[in-house]
Amino acid sequence: MRGYLGIDVGSVSTNLVMLTEDDEVAASVYRRTRGQPIVAVQDGLQELATQLPEDVEVAGAGTTGSARSLSGVIVGADIVKNEITAHAIAAKHVVPDVRTVLEIGGQDSKVILLRDGVVIDFAMNTVCAAGTGSFLDHQSARLGIPIEEFGGYALKSEAATQIAGRCSVFAESDMVHKQQIGHRLEDIIYGLCKALVRNYLNNLAKGSELAAPLVFQGGVAANAGMKRAFEEALGEAIVIPEHFNVMGAIGAALLAKASMAGGRRTSFKGFCVSDLVYDTSNFTCKGCANTCEIVKISIEGEVLARWGSRCGKWEVEERVSAAKA
Amino acid sequence: MLGRVTERETRPMRPTIGLPQALVYHKYFPLWGEFFSYLGADVAVSGPTDKRVLNAGLEAADSELCLPVKLFFGHVLELAQQVDFVFVPRIVAVEGDAFTCPKLLGLPDMIGALGERAPSLLSETFNMKRGMRDFYKSVYKVGSVCTDSSIKVYRAWRSGLRAQADYERQLLGGVTPLDVLGQGIPEKEPDLTIGVVGHAYNVYDRHLSMDLINRLRKSGGRVVTGEMLPPKVIERELQRLPKRLFWSYEKEVVGSAFHFIHTGDVDGIIFLLSFACGPDSLTQVLIEHEARKTSKTPMMSLVVDEHSGEAGMATRVEAFVDMLRWQKGRVC
Amino acid sequence: MRASFPHMGNIHLLMSDLLERLEVEYIVAPPTTTKTLEIGVRHAPEFACLPLKITVGNFIEALDTGADTLLMAGGTGPCRFGYYAETQKRVMEQIGLDFSMVTFESPAAHPAMFVKAFKTIAPDKSVLQVWRALKTSFAKGRCFDLLEKRLLQLRAYEVAPGSTTAAYEAGLELMSKAKSREQIDAAYAEALALLDEVPLDREREVLKIGIVGEFYMLLEPFVNFGVERWLNEHDVYLERSVYLTDWIGPSRRNPVLGVSDADVGRLAHGYLSHHVGGEGQATIGHTMKYIEEGFDGIVHLLPFTCMPETIAKTIFPRLARDMDIPVLSFVIDEQTGKAGVITRLEAFLDLLWSRRRAKGGVRELVAS
């Protein structure tokens, strides 16, 4: 089979997919990044390979996510794209007339508005932890309920507890308080979902019209409580795509396919990159008081990429970006 | 296109005019309430801030605005369905050499940006920098939604000013706006005097301040505030600054804080400010610097925003009051 | 006495020129770096806006390198900037620093104070001498601005990456050395020629973006992560709503921008019908102008809690909808990271190219 590889490396999770020529998901991997994006990509590729037939031929590769440049260098990507565009393209692929994409991942959340198939606006929140997957994970650990069961609890709630969810620190202390005065667990959990949705809408969607069809994707879409809270807040049904947690990677694969349309040869380096030893080192540039931390990625003594300086003097990067036509 | 001002032909005979109970309300409600009533309008005041108003404001206003402005949004939306116009003046300057605050200068435009959700606004610019005549012109324009008679507007204005003067006299006599509005509780054999400084829209909004005034009274405090100080005193205190402040309401905050800091008339000072308040962010430095330099009277700054929890605030206020008593050698 | 002043874009070139003319001994503070930011954040009030914090950092670093007199601009409000100097002075006194501060109030509002400030730093110079020095330095500053404006217009078309920036920097160097009016004019002509000689690809399809917002955020590349250069190098033609000499005045005609304050007010009318201090109304007014001129999008930069710009930000969603123009606001504080800014910018450019294509442009989102 011929296929297109998409890789989305965020700070919390790393997702890989292989799309067939017919844009079907042939294989997908969702795993934790654990602060080691290179290892995550290497292991992820290996895991992906086990799900694929032996005759697989990668015709193109794309990367996205906050480590898009790094993973692009590692695998030899044909296209490196920001995650907003990647998510929009994936959502449009699943629901062609989608007008609103709600995305909540491990470390950030986004809202993307499309009209007539074109992105017309977006917002992204990377500063505030409230409303991200990490925060929900943390709360599930604190309450001693596996995150997978969170949604089930939320659905059982009949009267959600009011939680001040505008900030993760305050939400947590408020939840503790509500527990101490005897609120039911399911009401607290659903109250938390509602607070996170309110927080999301206030921070990201101010003044914008969230029109249906709405697609909810990202790891947090697994949580049925969040879906319920969104539907209640917006008064619209919400679509959760089958592969909601790897949509960024699907977008990257679709972009890779589009970028190969002219019959270009892929620069994908092959599944063997899993076995190569990449050497990353960092040093502090003493050129000025910015004392930037420069990261260097090399293989067998050859520098593949270098970045991290404010002024750009150390930047060496294979120009894989197709952002420039 | 925004900040729609009434057209004469659409003028209702007896308009209902909404006054949001936020921002300058606590300062000027007798003036405008009397002005509009005299002109025969029905005056509708939004209820005191509650959770619903707060949530409406948070939902509608930009998240980077300060809490009192967000609350103003909430109050305007609450009035939107009930009234013909919501009165949202653009108060640029109330004296010749100072502004109010940028957000008051841009208030009608920010409300207008709500689009279809914005009610019809009754909005005129009040700018004392342009002199009394210009100021009166705006008064007439506002009055013209109720009457064509300029003499009636003039009389309404005089009547409003009398009500305002009466109100300010009451405040100077030692009561707070809360007491005038019937939202204050009586003092309870106070054994401590606490100076509360901060913008009226922070201090007297019981939801935003988490009922600071009544809370202090309940715990045996007598509360004194900037409104109880004659303008002369405020002005004298401001002479301590090498450069004049260019925000009128901020001058009252700083002047009263300096007064309490220097006279030692109070046992402790609480400075209530809202996060994201531009002027307060700088005057906090001036006030805390002065308090530290003088070190006569203990002072606590309380910064509130929509994240603030009541429990945390209650604990801090309680602890502060306890410490003041402890220092006076009393058991708390 | 050894004077120093805070950084903001090219202001050190202008200030050095002026202080040399007045024969005032001065030092240029170390360039703004993350260390400056850290120092500022540590000492400045937590809730103050970012420019106040960073300039406190500049002052402290200047004192560390031998300055004893700090020069700062004043103001009459209602933007907080007018009270920066007073606040900063207290902040630095509180940590025990020994210095004197000279504040230059607006010559229009407080002419006597303005003159007095010059008497303090250059007691031997007559008012006439000061006035002449100001005029000449100002004329030079205007040339710096015009060069910068040209840079933002040309760089998107450069054939070799970095060539326009290099030519611009060489031009600044030339200009800095010029003393007399004749020399300034000649250096300016030469600098302009350097820029115009850079090989360009005029066929390149570029986006047109107007960059608006608070002046410090626009002028200081350290705080805006060099967003202008980044945009230019990603095929974006830029116009900016603030230039240094227009900002310092004294005219309200803004010769560098070519739009008067009155025109800006007229353009903003209906969305922001009154000035709100700072550049709040200019942000809206210039946006309207860029829309009239058919720009593809607007990038808006503001410090966290900035009052005038937060007002503009509140108005933008409605304006953007009415006028069908994409606006991207960046609220910047000490915690803002470059990666997040770049991701949003990339997505914004994708968005603008898609719109362009929907309107019949040719460039595809994905190169083939």
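User: What makes residues of chain C and chain B count as part of the contact, and how many does each chain give?

Analyst: In this predicted model, two residues are in contact if their C-beta atoms lie within 7 Å. On that basis, the contact takes 35 residues from chain C and 32 residues from chain B.

User: Which elements of chain C give two or more residues to the side that touches chain B?

Analyst: They are helix 4 (84-94) and helix 15 (307-323) of chain C. Helix 15 of chain C supplies the largest share of that side, with 9 residues.

User: What is the make-up, by class, of the side of chain C that touches chain B?

Analyst: That side has 17 nonpolar, 13 polar and 5 charged residues. Gly counts among the polar residues in this division.

User: Why are strand 1 and strand 2 of chain C said to pair?

Analyst: Two strands pair if at least two bridges are found between them. Strand 1 and strand 2 (residues 69-73) of chain C are joined by 2 bridges, so the condition is met. The two strands run parallel. In strand 2 of chain C, C:Thr69 is the bridge partner of C:Ala3.

User: What makes strand 1 and strand 3 of chain C the edge strands of their sheet?

Analyst: The open sheet holds 3 strands in the order 1-2-3, with parallel pairing. Strand 1 (3-4) and strand 3 (100-104) of chain C each pair on one side only, and they are the edge strands. Helix 5 (residues 111-121) of chain C packs on this sheet and touches strand 1, strand 2 and strand 3. The direction of helix 5 makes about 145 degrees with that of strand 3 of chain C.

User: How do you know whether chain B agrees with a compact globule or departs from one?

Analyst: For 332 residues, a compact globule would have a radius of gyration near 20 Å; chain B has 20 Å, so the value agrees. The C-alpha trace of chain B spans about 70 × 40 × 35 Å along its principal axes. Chain B contains 14 helices and 10 strands.

User: How does chain A stand against the rule for a compact globule?

Analyst: With 325 residues, the expected radius of gyration is near 20 Å; chain A has 21 Å, which agrees. Its secondary structure comes to 9 helices and 14 strands.

User: What makes a residue buried, and what percentage of chain A and of chain B is buried?

Analyst: A residue is buried if 20 or more other C-beta atoms lie within 10 Å of its own. By this test, buried residues make up 49% of chain A, and 51% of chain B counts as buried.

Note on methods: Residues are numbered from 1 along each chain as its sequence is written. Chains are lettered from A and ligands numbered from 1 in the order in which they are written. This is a predicted model: local features need pLDDT of at least 70, side-chain atom pairs count only at pLDDT 80 or more; totals for chains, interfaces and linings use all residues. Helices (H or I, at least four residues) and strands (E, at least two) are DSSP runs, numbered from the N terminus. Axes are lines fitted to C-alpha atoms, for helices over the stretch in contact, and angles run from 0 to 180 degrees between N-to-C directions. The radius of gyration is taken over C-alpha atoms; the globule rule is 2.2 Å times the number of residues to the power 0.38. A residue is buried if 20 or more other C-beta atoms lie within 10 Å of its own, exposed if 12 or fewer, and partly exposed in between; C-beta atoms are placed from the backbone.
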